[in-house]
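Subject: Structure handover

Hi,

Here is the structure I promised to send over. Please open it next to this email.

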Amino acid sequence: MNNSTPNAGLIYVIEDDSTTATITRILLEKALVGSRVQLYANGQQALERLTLARQAGASHLPSLILLDLNMPLMDGWEFLDACNHLTMGEPVCIMVLTSSINPEDRAKAACYQNVAGFFSKPLDTSTIERILRLRRAASGPTQRTAATGTEAPLHHLMYQSRATAPMGDAELTQLLTQSRAFNAAHDITGILLYSQGNIIQLLEGPEPNIRTVFARILRDARHTSIIKLADGPIRKRLFAQWTMGFRTAAPTDFANLLGYINPQHTDRLAPADPDLQELLVAFAAE
Ligand SMILES: Cc1cc2nc3c(=O)[nH]c(=O)nc-3n(C[C@H](O)[C@H](O)[C@H](O)COP(=O)(O)O)c2cc1C
């Protein structure tokens, strides 16, 4: 087992209704052979366990937490707030599992970085499979296997920016882990290219989700001088398998690529140009 990542087979179910909790455990253990499901009747119990697990090392952390919202003692929201204050190194993937059908709850849950999905009870086998697929997508490495179908038209947005301070491995890993959890839950794919403080990012997915994530990215103080390079509808994704692929690039390669896509360059390739798409994919594959 890798000591720096959560225990892939360990799952917490935080649920006050003991019948629902037991059914959830049975379904999970059936769907994920070798998994170990621990049940907690409220957020407080789970938080105490999680704090101890964190002290014992990342490999003692669960890879997935299924969280009910309405519970006594400490409810799901309080648990999420408390988790935000626990620095866990490798963030744990949390899915909300609730009887609430309130769209405001769904929107509120999406604002938590650790929350990768929102599902309604009662659970059935196909929901369990979706949860497990999403967990794989959110926890990476970067492969996106879930095809969370959506009706909204596909859109892409590409921008360049400049890091406010150079990003080392730790900063980039933190950024990517954060991004992938959110992207996996919102059907967003793409790639982030980084070269000595220069950034190009391509985001693809349902248009409203792209707008939401880009609004967050614009507010982010970790980068500046953001210039949009492309923003429009697409027929298919270039990076369908990646919740956010990542490449570092040599400065000269990066400058060459930017030369092809920057609107300020006269010989730029249009965003939908197959040559540009091929170039990006080739660049990412290197
Ligand atoms: C270069 C760069 C790329 C980013 N890409 C994403 C991304 O693809 N998805 C994502 O959820 N957050 C991404 N983020 C992080 C967001 O900017 C933001 O920090 C995060 O979504 C939390 O937003 P909030 O603080 O408004 O809740 C990126 C940040 C930077 C600096």
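Below is what I found in it, part by part.

First, a caution: this is a predicted model.

**The chain overall**

The chain has 286 residues, and 33% of them are buried. It holds nine helices and ten strands. Take the contacts with a separation of 6 or more: 73% of them join residues 24 or more positions apart.

**The five-stranded sheet**

One sheet is open and has five strands. Its order is 2-1-3-4-5, and the pairing is parallel. Strand 2 (36-40) and strand 5 (115-120) form the edges, each pairing on one side only. On average, neighbouring strands of this sheet are turned by 20° against each other, direction ignored.

Helix 1 (residues 18-31) packs on this sheet. It touches strand 1 (7-14), strand 2 and strand 3. The direction of helix 1 makes about 165° with that of strand 2.

Look also at strand 3 and strand 4 (residues 93-98). They run parallel and are joined by four bridges. To find the pairing on screen, start from Ile-65: its bridge partner in strand 4 is Ile-94.

**Asp-68**

This residue carries an annotation. The UniProt record, an unreviewed entry, gives "modified residue: 4-aspartylphosphate" at Asp-68. Asp-68 sits in the loop between strand 3 (62-67) and helix 3 (76-85).

Is Asp-68 buried or exposed? It counts as buried, because it has 26 C-beta neighbours inside 10 Å and the cut-off for buried is 20 or more.

Which residues does Asp-68 contact, leaving aside its neighbours within four places in sequence? They are Ile-14, Glu-15, Asp-16, Gly-76, Leu-97 and Thr-98. Of these, Ile-14 belongs to strand 1 (7-14), while Leu-97 and Thr-98 belong to strand 4 (residues 93-98).

**The ligand**

The ligand is surrounded by 18 residues. The closest are Ser-179, Phe-182, Arg-216, Asp-220 and Arg-222. Three elements give two or more residues each to this shell: helix 6 (169-185), strand 8 (198-206) and helix 7 (207-219). Helix 6 provides the largest share, five residues.

What classes of residue make up the shell around the ligand? Nine are nonpolar, five are polar and four are charged.

**Where to look**

Two places to open on screen: the loop between strand 3 and helix 3, with Asp-68 in it, and the shell around the ligand, with helix 6 giving the largest share.

Best wishes

Methods:
Residues are numbered from 1 along each chain as its sequence is written. This is a predicted model: local features need pLDDT of at least 70, side-chain atom pairs count only at pLDDT 80 or more; totals for chains, interfaces and linings use all residues. A residue is near a molecule or strand if its C-beta atom, placed from the backbone, lies within 6 Å of it. Ala, Val, Leu, Ile, Met, Phe, Trp, Tyr, Cys and Pro count as nonpolar, Asp, Glu, Lys and Arg as charged, and the others, Gly among them, as polar. UniProt positions are given in the numbering used here, feature names are shortened, and annotations may be inferred rather than shown by experiment. A residue is buried if 20 or more other C-beta atoms lie within 10 Å of its own, exposed if 12 or fewer, and partly exposed in between; C-beta atoms are placed from the backbone. Two residues are in contact if their C-beta atoms, placed from the backbone, lie within 7 Å. Two strands pair if DSSP finds at least two bridges between them. Axes are lines fitted to C-alpha atoms, for helices over the stretch in contact, and angles run from 0 to 180 degrees between N-to-C directions.
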